[in-house]
Amino acid sequence: MKSILSLVSALTCLVFARADEECANYSYTTVEVSSSTRIKYRSTSTTLDVIMESTEVAWLGLGWRGVGNAADGTSAMVGNKAVIGVLSALSPGTVNSIPKKYFLGDQQPSGTTLLPDEEQTLMNATFAANDGGGSSLSFTTNLIDGTQEIPAEGTARFIYAVGFDRYNLFGHILRGSVLLNLAPCADFTEVQEKRARDWKTKQKAHGFLAAIAFGLLMPLAVSSAVFRERLNFEIRGVKGWIYVHMILNVLAYSLLTAAFVIAVIARNDVNGKHFFKAHDKLGLAIFIFVSLQVISGFLRPHPPKKEADETSDDSPGQDAAVDGYDDGNGEMKPVPKSLARASWEIVHRITALAILGMVIYQLYSGLEAYKKFWNEIDAWYTVYYIWFALIVLSVLFASFKKYKRS
């Protein structure tokens, strides 16, 4: 019986050894994680080869590099282990070093601690960084050892980061996570490229819808209220600016909702962790504020009722004249507003200004995030600055007009 088990064990080792030998010359799967960094990998039934390198020789590609399996399946850095390549600060002239395994205990460099020697099981590990060739981290690791358990087949999430400096771990210019398809001796380049294309398409759709909602429809909606005297037409006895204001806001909110849903789907496809970046958190805040603003617009307190006349901002059959009413002698007298109506107007305007301020930053941070990954949108910064200048001029003009009227 023992001889049979020994034979089976020997045959199993022979099969795995043969598989590993066949994979030795197999092509790597390449994943472009940003415009400046790519990860290449290939796996056997027992090991995983990883190369993380620069795609361009620039300042962005010269810092330390780190990559590791996200044991919890999310993109969180803290609590996971990673292989990090960094040059020795004590030998500033060196361009090569041996990467090590670290535990990421905190976001600060002091929380990144070297694992014990018995857990340093990397093979063929090298890190190189020089001005003429960027930086490159490569290593071979066992799929299963005392520090990790990576599936031989299926998908596994990996975290990665690129630092500012090649000599110390302070700060990073790029970080994220990527879902990798694994199978012995398999090339998933096409699968990874399709996943990247799908993510990029969702990012573009999210940005386009948000730009139309924030950059065009919402400013026009605000302008229709600020410059209401210019919209001096009526529809069925109702002042036209009310219809314009409401329609533009509803359209903007519809596009914002679509952009929000696309962002959630895209984030779920990438790492499944939502609202952990500043752009994501602010986007959620904007969505909540705009939702409350739209709801409050439909549930607004009506002005004090008066005999219906054509000066009413809303429906003459429902609301009194906000602009005033004819006292019978040809003079317009203001109608006192209730406390609820006056309070609503103040809150509504302050909220609108708060949303505008958040939107100005959100559009810029969206451009920054997209450029970091794809490096394709420099021309859109010009469009953004022109748009921002127009917004500032509109606010100044509206303030000047209000000052003159007062």
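This report walks through the fold of a predicted model, from the whole chain down to a few single residues.

## The protein at a glance

Let's start with the overall make-up. The protein has 406 residues, and 40% of them are buried. Its secondary structure comes to 6 helices and 16 strands. On the outside, about 22300 Å² is exposed, with carbon and sulfur atoms supplying 63% of that area.

How much of the contact network links distant parts of the sequence? If you take contacts between residues at least 6 apart in sequence, 58% of them join residues at least 24 apart.

## An open sheet of six strands

One sheet to look for on screen is open and built from 6 strands. Their order is β1-β2-β3-β10-β9-β6, with antiparallel pairing. At the edges you'll find β1 (29-32) and β6, and each has a single partner strand, so one side of each is left without a neighbour in the sheet.

Inside that order, β3 and β10 run antiparallel and are joined by 7 bridges. To get your bearings there, pick out leucine 48, whose bridge partner in β10 is threonine 141.

## Strand β11 and its partners

Now go to β11, which covers residues 154-163. This strand is mostly covered, with 8 of its 10 residues buried. It pairs with β4 (residues 65-69) in the antiparallel sense over 5 bridges, and there valine 67 stands opposite tyrosine 160.

β11 also runs antiparallel to β12 (residues 172-182), this time with 10 bridges between them. Here alanine 156 of β11 faces a partner in β12, leucine 180.

## Two nonpolar cores

As background, nonpolar side chains in soluble globular proteins tend to be buried together. In this model, the largest nonpolar core holds 29 residues. The ones with the most contacts inside that core are Ile39, Leu48, Val67, Phe139, Phe158, Tyr160 and Val178. Two or more residues each come from β2, β3 (47-54), β9 (123-130), β10 (134-142), β11 and β12. The largest share is that of β12, which puts in 5 residues. Apart from this core lies another one of 27 residues, including Ala210, Ala213, Phe214 and Ile391.

Some of these names have come up already. Val67 and Tyr160, both on the list of residues with the most contacts in the largest core, are also the pair standing opposite each other between β4 and β11.

## Two buried residues with polar contacts

Tyrosine 41 sits in β2 (residues 37-43). Is tyrosine 41 buried or exposed? Its relative accessibility is 2%, and therefore it counts as buried. A polar atom of its side chain lies 2.7 Å from the backbone oxygen of asparagine 181. Beyond its sequence neighbours up to four places away, tyrosine 41 touches a set of residues including Tyr28, Leu48, Leu180, Asn181 and Phe188. The C-alpha atoms of tyrosine 41 and tyrosine 28 are 5.2 Å apart, although 13 residues separate the two in sequence.

Serine 97 belongs to β6 (residues 96-97). With a relative accessibility of 18%, serine 97 falls under the 20% cut-off and so counts as buried. A polar atom of its side chain is 3.0 Å from the backbone oxygen of valine 86. Leaving out residues up to four places away in sequence, serine 97 touches Val86, Leu87, Thr126 and Phe127.

## Helix α4

Helix α4 takes in residues 278-298, which makes 21 residues. It reaches 31 Å from first C-alpha to last, close to the 30 Å expected at 1.5 Å a residue. Its buried residues include Leu282, Ile286, Phe287, Val290 and Val294.

Aspartate 280 is part of α4 too. This residue is buried, with a relative accessible area of 15%. Apart from neighbours within four places in sequence, aspartate 280 is in contact with Arg267 and Phe275.

## Backbone oddities

Two non-glycine residues are worth a look for their positive phi. Asparagine 124 has a phi of about 50°. It lies in β9 and, at 64% relative accessibility, counts as exposed. Cysteine 185 has a phi near 65°, and its place is the loop between β12 and α2 (189-226).

Notes:
Residues numbered from 1 in each chain as written. Predicted model: local features only at pLDDT ≥ 70, side-chain atom pairs only at ≥ 80, totals over all residues. Heavy atoms only, no water. Buried < 20%, exposed > 50% of the residue type's maximum accessible area, 1.4 Å probe, protein only. Helix = DSSP H or I, 4+ residues; strand = E, 2+ residues; numbered from the N terminus. Pairing = 2+ DSSP bridges. Contact = heavy atoms within 4.5 Å. Areas by Shrake-Rupley, 256 points an atom, 1.4 Å probe, with all protein chains shown as cover. Polar contact = N/O pair within 3.5 Å; in protein donor to acceptor, adjacent residues only side chain to side chain. Expected span 1.5 Å × (residues − 1). Core = buried A, V, L, I, M, F, W, Y, C linked by side-chain atoms within 4.5 Å.
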